[in-house]
Structures are given as C-alpha cells and as structure tokens.
Amino acid sequence: SFAWDCGLACAEMALRARGVSVTVSDLRKLCETDSIWSIDISYLLHRFGVQLTFFTVTRGVRVEYRKQEFYRKQLPEDTKRVTALFESAERRGVHVVEQSVDLKDIVQAVVNDNKIVLVLLDKRLLSCTLCDRRRSNSVQGQQPEHFGGNTRATSGFLGHYVLLYAYDAKVDNFLMKDPASMCDACVISAD
C-alpha cells in the first residue's frame, strides 16, 4: 500500500528546481523500500547528480524511534539497511557529516550560497504565518491550507521534510516549500 511521503515530495521539488523532470512516483520506484529515511533521500538526490552534504546528528537509526508506532514494525529491517547506507556513503559519493547545523549556517547556505536546504523538522512545531493568516480570514468549512490532520495531539517527534529557499533578515523569516501545504510558498520564523 502506498503512503504519501514528504521526503520524496521535497526531493521532487528540489530536482524540478534543477530542471529535472521527475515525479514522486518515479522517485518511489527508485527506492528499495517504502520506509524513506534522510539517507535514502541523500542517495536519491546524488543519483540525479545533486552535489550535497547530508548533516545528521545520528549516523544510523535513532534507537528511541522503536517506541513510536510509525517506526515500530519496520525498524529492525530499516536499522540494517540504513546502517549499511551510512557505512558505504563516502565510497559511493554521498557526503555525510555527523554534526548539528546552526541556524546561521542554514541562513548562510540559503542567502550567500544560493542553496536549497532540505530540512527534517518536527511537524508539530511548524507554523506558516501566511497559511495561519489565510486560515483566520477564511470562510468556515473551506479546506485547510495544510493537510495531514491534527498534529498537535501526537506525542514524540513527528518528522516532516520542507525546503528552505530564501531568507528575509529584516523579519527573520524563511520562505519554504512545504509539500503538505496548498500554498505556493510558506513563511516560517527562523526562531
């Protein structure tokens, strides 16, 4: 059974920005699994010639994910597969750096280096100021700007990928593409 995947949707948007005509369905066929991790997306983008550096705080699978329902069933298999991908990354041309990334580094990449930054964040903490404003001005009963249900009630980390592509220092906001949004562009606070 197919489940929508924000990581593959972001990979599609990033590739299209580079002029590559591809669909999420095409990308899904190239993956060896239905369970997509950040390292899978890095390999996928590399396959299309994207020069990237994958920053991560954990080389492999975070063991605390075994407590989360979303990961529980497939985690033992994913652990082996993801570990193997990390172990062979440098040899296969996927540059992985084990460290967290400061906000100033993300701003530098977007502003000075003109990079698109793929970020995995906690969806429960994501709030687009434009979508929030539209929602408060909308007629009751209209479809919400973001889909995916009530994320506030979910416990633990609810991973969601977005693309950051511009930064406005005057208001300390990023412009982003959120595959779970019906907006062309979303605005999030840098804090």
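**Close-up views of a predicted model**

**View 1. Asp-5 caps the N-terminal end of helix α1.** Here a side-chain oxygen of Asp-5 lies 2.8 Å from the backbone nitrogen of Gly-7. Please keep in mind throughout that this is a predicted model. Helix α1 covers residues 6–17, 12 residues in total. From first C-alpha to last, α1 reaches 16 Å, close to the 16 Å expected at 1.5 Å a residue. Just past the helix comes Gly-19, which has a positive phi near 90 degrees.

**View 2. Helix α1 is largely enclosed by the rest of the structure, because nine of its 12 residues are buried.** Follow the helix along and you will meet the buried residues Cys-6, Gly-7, Leu-8, Ala-9, Cys-10, Ala-11 and Glu-12, and then Ala-14 and Leu-15. What do they pack against? Their partners are α2 (24–30), α3, β3 and β4.

**View 3. The cysteines form zero disulfides when sulfur atoms must lie within 2.5 Å of each other.** As a reminder, a disulfide is a covalent bond between the sulfur atoms of two cysteines. Cys-10 is in no disulfide, and the nearest cysteine sulfur, that of Cys-6, is 6.3 Å away. Is Cys-10 buried or exposed? With a relative accessibility of 1%, Cys-10 counts as buried, because the cut-off for buried is under 20%. Cys-31 has a relative accessible area of 16%, so Cys-31 is buried by that cut-off too.

**View 4. Helix α5 packs its buried residues against both helices and strands.** This helix spans residues 75–88 and has 14 residues. The distance from its first C-alpha to its last is 20 Å, close to the 20 Å expected at 1.5 Å a residue. Look for its buried residues: Leu-75, Asp-78, Arg-81, Val-82, Leu-85, Phe-86 and Ser-88. They pack against the helices α3 (38–47) and α4 (69–72), and against the strands β1 (53–56) and β2 (95–98).

**View 5. Strand β4 pairs with β3 and also with β5.** Strand β3 (residues 117–122) and strand β4 (residues 159–168) are antiparallel and share six bridges. To find your place, look for Leu-120, which stands opposite Tyr-161 in β4. Strand β5 (residues 173–177) also runs antiparallel to β4, and five bridges join the two.

**View 6. Strands β4 and β5 form a hairpin with four residues between them.** At this turn, Asp-168 stands opposite Asn-173 in β5. Within the hairpin, Asp-172 takes a positive phi near 55 degrees.

Key
Residues numbered from 1 in each chain as written. Predicted model: local features only at pLDDT ≥ 70, side-chain atom pairs only at ≥ 80, totals over all residues. Heavy atoms only, no water. Expected span 1.5 Å × (residues − 1). Buried < 20%, exposed > 50% of the residue type's maximum accessible area, 1.4 Å probe, protein only. Contact = heavy atoms within 4.5 Å. Pairing = 2+ DSSP bridges. Polar contact = N/O pair within 3.5 Å; in protein donor to acceptor, adjacent residues only side chain to side chain.
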